[in-house]
Structure formats: structure tokens, C-alpha cells
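Visitor: Could you take me through one part of this model in detail? I would like to follow a single helix and see what surrounds it.

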Amino acid sequence: MHKFIIIINLCFLAACGTDTSKNKSYHLAFVGSDYGLYQTFQGLIDNFNQSAGKTVLFLETDATKASSQIQLVENMVNITNFDGIAENGILGDGRPVISQSQTKFGFKTADNKNYSMVIKFDLHFIQNSRAKGLAIIFDHEVGHGLEMQHTANIKDIMYPNCEITDTDKDFDGYFKAVRNYVGDL
Ligand SMILES: [Zn+2]
């Protein structure tokens, strides 16, 4: 009878994917050699952490210490430029990378998940856009890295399309969701 109860508990954990690990922080490597762009991402990450109220993202100078990546892609799409601001096109791509290691008893539980992400941006867009537009796209792709899906409200950071000159984006709602996801760091 005792054995039976233990098995039920394990199945519950595995089936529901209940995530009890509350220590999600991300060590990002910047893949590239342009120091100016490195500084751009350092600024975006500093602002992100400040708004989140905790250090969620780290930019690593030593790539071997990183489990997550920022990649820049040339010509991600054809981009229409207007005064140096990209108007149309896919400007970024973000994905979570979640691996699961087995415990010494061979069970996979929510406790031994490893969280990382890969976020990609169009090189031309990053080089030419203004700070506010960059923050919206950066936060959007990091959101995907934090397993967030697109939403239907145009004010949301996770709305699939954005005018990067938007002035009334709901950053507060976005960072509330970030805090809920990463838990108590
Ligand atoms: Zn998206």
C-alpha cells in the first residue's frame, strides 16, 4: 500500500509538469565581436533586470560560462527602413531551451529541469533602431525564452506585431509575468 502511494505522487509530478524549481536565471553569451553591440545588449539587459526588480539575465564575457545565447542574424528578412527605423519584417526570434536531467533514481521531475534560451535578432535592426524600439523587441523575444506565448492585446509586449514607436505598451504587465515565471531568485 505504501509503495502504491509513492508511485501516484511521481506520476502526478511528471504528468502535470508542475514546476517547483524557483531559480530561473539566464547566463547569456553574446555571439559576435562588435563591442558596441555588446554594450547595446548590456544596456537592454540592465534595463530588463531593473524593471523585473531582480537579476534574471546575465551577460557573460566568457562564453564557456553561458548556457544561453544572443545571436545576430544578417538579413533575417527584407527590412523596410524609414529614418533608420525598421518598419516591417521579422526582427527577432526567441525560444526556450529546457532540458531535463535524471535524478540518481532515474526519475525526471520538475526539480531537475535546466532552463536556458536562444534569442536572435536581425543585425541591421539592432544597429539602426532607437532604444525604445529595441527594448520592445528584446523583451518580446526574452518573453518567448521564458515560455510566454503571443497574446491578442495590442498593448501587450507579447502581441505578435508591434510598431516600435508604440508609446503605451504594457511593460508593467509583462514584468509581472516575468516575476511570476522566474520566481524568487
Ligand atoms: Zn513573438
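Guide: Gladly! This is a predicted model, and a good place to start is the end of helix α5: the residue that follows α5 is Gly-183, with a positive phi near 75°. Now step back into the helix itself. At 1.5 Å a residue, the twelve residues of α5 (residues 171-182) should span 16 Å, and the C-alpha atoms at its ends are indeed 16 Å apart.

Next, its two sides. Tyr-174, Val-178 and Val-182 are the buried residues in α5. Viewed down the axis of α5, the buried residues lie within an arc of 60°, so they line one face of the helix. The general reason is simple: an α-helix has 3.6 residues a turn, so residues three or four places apart point the same way. Turned away from the buried side of α5 is a face with the exposed residues Asp-172, Lys-176 and Asn-180.

What does the buried side meet? The buried residues of α5 pack against α2 (35-52) and α4 (131-145).

Let's look at α2 from its own side. Its buried residues are Phe-41, Leu-44, Ile-45 and Ala-52. Down the axis of α2, these fall within an arc of 100°, so they too line one face of their helix. The cover over the buried residues of α2 includes α5 and α4, along with strands β1 (26-31), β2 (57-60) and β3 (68-73). On the other side of α2, the exposed residues are Tyr-35, Gly-36, Gln-39 and Gln-50. Just after α2 comes Gly-53, with a positive phi of about 80°.

Note on methods. Residues numbered from 1 in each chain as written. Predicted model: local features only at pLDDT ≥ 70, side-chain atom pairs only at ≥ 80, totals over all residues. Helix = DSSP H or I, 4+ residues; strand = E, 2+ residues; numbered from the N terminus. Expected span 1.5 Å × (residues − 1). Buried ≥ 20, exposed ≤ 12 C-beta atoms within 10 Å, placed from the backbone. Arc of directions from axis to C-beta. Contact = placed C-beta atoms within 7 Å.
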